[in-house]
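Reader: I am new to this structure and would like a close look at one part of it, the aromatic rings and what lies around them. Please take me through that part in one connected answer.

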Amino acid sequence: MSWTHRLALAATALTLTAGLAATAAPAQASTAAAAAQPSIGSVSFSGTHGPGVGSPTITVNGSGFGATAPAGTNNNVTSCGTYTANGNAYGNQLYFTDDNNFEAGYSDAGGANCIGITVVSWSSTQVVLRFGTAYGSFAHWYLSNGDGYALSVGNGIFGGTVSGLS
């Protein structure tokens with residue numbers, strides 16, 4: 001993913017998050033439109049932060065995610081190396097960006113991110129994710145409390161600051 005795309009994603013996520021916090025009016029969208037657009041209400045992190053530890057768990061709560069995860073492609077062989085259990089790449093349907101540190105799960109015609117995503121569970125209202133084994137394998141390819149992030153599930157985008165890691 002290009003830096004321009006990364007910055008646009010992060011700016012969009014932060015703008016949307018700020019807009020949601022500032023706007024308390026009830027949504028009056030049609031049922032069909034609401035079903036077509038995933039909405040992320042909250043993201044939480046659990047696990048250990050820092051280098052040399054396994055992937056944290058990321059829990060995404062919201063609505064309209066659909067009954068099953070999007071189709072992913074195996075991400076074990078990347079431009080960064082070959083990994084076992086590195087999760088999948090999901091095009092632009094499921095990806096995570098840690099501001100200026102790493103991306104996971106995104107792919108386009110130029111290839112996939114070096115870190116894949118593993119879907120632990122998926123429902124229409126909750127998605128639970130972990131990163132593949134490339135997570136933590138290079139300088140600052142890991143989450144720390146205080147890192148800014150953006151996450152996309154379908155067309156739903158959410159951003160904020162990582163917290164909750166021990």
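Author: One residue can be placed at the outset: A85 is in the loop between β5 and β6, the latter spanning 88-89. The phi angle of A85 is near 60 degrees, which is a positive value in a residue other than glycine. This is a predicted model, and the rest of the answer should be read with that in mind.

Some background on the chain comes before the rings. The secondary structure consists of two helices and 14 strands. The chain has 166 residues, and 40% of them are buried. Among the contacts with a separation of 6 or more, 60% are between residues 24 or more positions apart. The chain exposes about 8,000 Å², with 56% of that supplied by carbon and sulfur atoms.

Now to the rings. A pair of aromatic rings is described by the distance of the centres and the angle of the planes. The count for this model is ten aromatic pairs. In one of them, the ring centres of F45 and F96 are 6.3 Å apart and the planes stand at 80 degrees; an angle over 60 counts as edge-to-face, so the pair of F45 and F96 is edge-to-face. F45 belongs to strand β1 (residues 39-46) and F96 to strand β7 (residues 94-98), so this pair ties together parts that are 51 residues apart in sequence. Both F45 and F96 are buried.

Another pair is made by F102 and Y135, with 5.9 Å centre to centre and 80 degrees between the planes, and this pair is edge-to-face. F102 sits in strand β8 (residues 102-104), while Y135 is in the loop between β12 and β13; the two are 33 residues apart, and the pair links distant parts of the chain. With a relative accessible area of 5%, F102 is buried. Y135 has a relative accessible area of 6% and is buried too.

Which residues do the ring pairs join into a cluster? They are F45, F96, F102, F131, Y135 and Y149.

Several of these names return in the nonpolar core. The largest nonpolar core has 30 residues, and those that touch the most other members are V43, F45, V60, F96, F102, F131 and L143. Two or more residues of this core come from each of β1, β2 (57-63), β7, β8, β11, β12 and β13. For V60, leaving aside residues up to four places away in sequence, the residues touched are I40, S42, V43, F65, T125, Q126, V127, L151 and V153.

A polar side chain also meets members of the ring cluster. S55 is in the loop between β1 and β2, and at 10% relative accessibility S55 counts as buried. Its side chain reaches the backbone nitrogen of F131 at 2.7 Å. Beyond residues up to four places away in sequence, S55 touches R130, F131 and Y135. F131 and Y135 are both among the residues of the ring cluster.

Two loops that border strands of the core can be added. The loop between β7 and β8 holds D99, which counts as partly exposed at 29% relative accessibility. The C-alpha atoms of D99 and G148 are separated by 5.3 Å, although the two residues are 49 residues apart along the chain. The loop between β12 (126-131) and β13 (148-153) holds H140. H140 is not a glycine, yet its phi is positive, at about 55 degrees. With a relative accessible area of 27%, H140 is partly exposed.

The last item is a covalent link. A disulfide is a covalent bond between the sulfur atoms of two cysteines. The count in this model is one disulfide. The cysteines are C80 and C114, and their sulfur atoms are 1.6 Å apart. C80 is in the loop between β4 (77-78) and β5 (81-82), and C114 is in the loop between β10 (111-112) and β11 (117-122); the pair links distant parts of the chain, 34 residues apart. The torsion about the S-S bond of C80 and C114 is about 60 degrees, so the disulfide is right-handed. C80 is partly exposed, at a relative accessible area of 25%, whereas C114 counts as buried at 12% relative accessibility.

Note on methods:
Residues numbered from 1 in each chain as written. Predicted model: local features only at pLDDT ≥ 70, side-chain atom pairs only at ≥ 80, totals over all residues. Heavy atoms only, no water. Helix = DSSP H or I, 4+ residues; strand = E, 2+ residues; numbered from the N terminus. Buried < 20%, exposed > 50% of the residue type's maximum accessible area, 1.4 Å probe, protein only. Contact = heavy atoms within 4.5 Å. Areas by Shrake-Rupley, 256 points an atom, 1.4 Å probe, with all protein chains shown as cover. Disulfide = S-S within 2.5 Å. Phe/Tyr/Trp six-rings, centres within 6.5 Å; stacked < 30°, edge-to-face > 60°. Core = buried A, V, L, I, M, F, W, Y, C linked by side-chain atoms within 4.5 Å. Polar contact = N/O pair within 3.5 Å; in protein donor to acceptor, adjacent residues only side chain to side chain.
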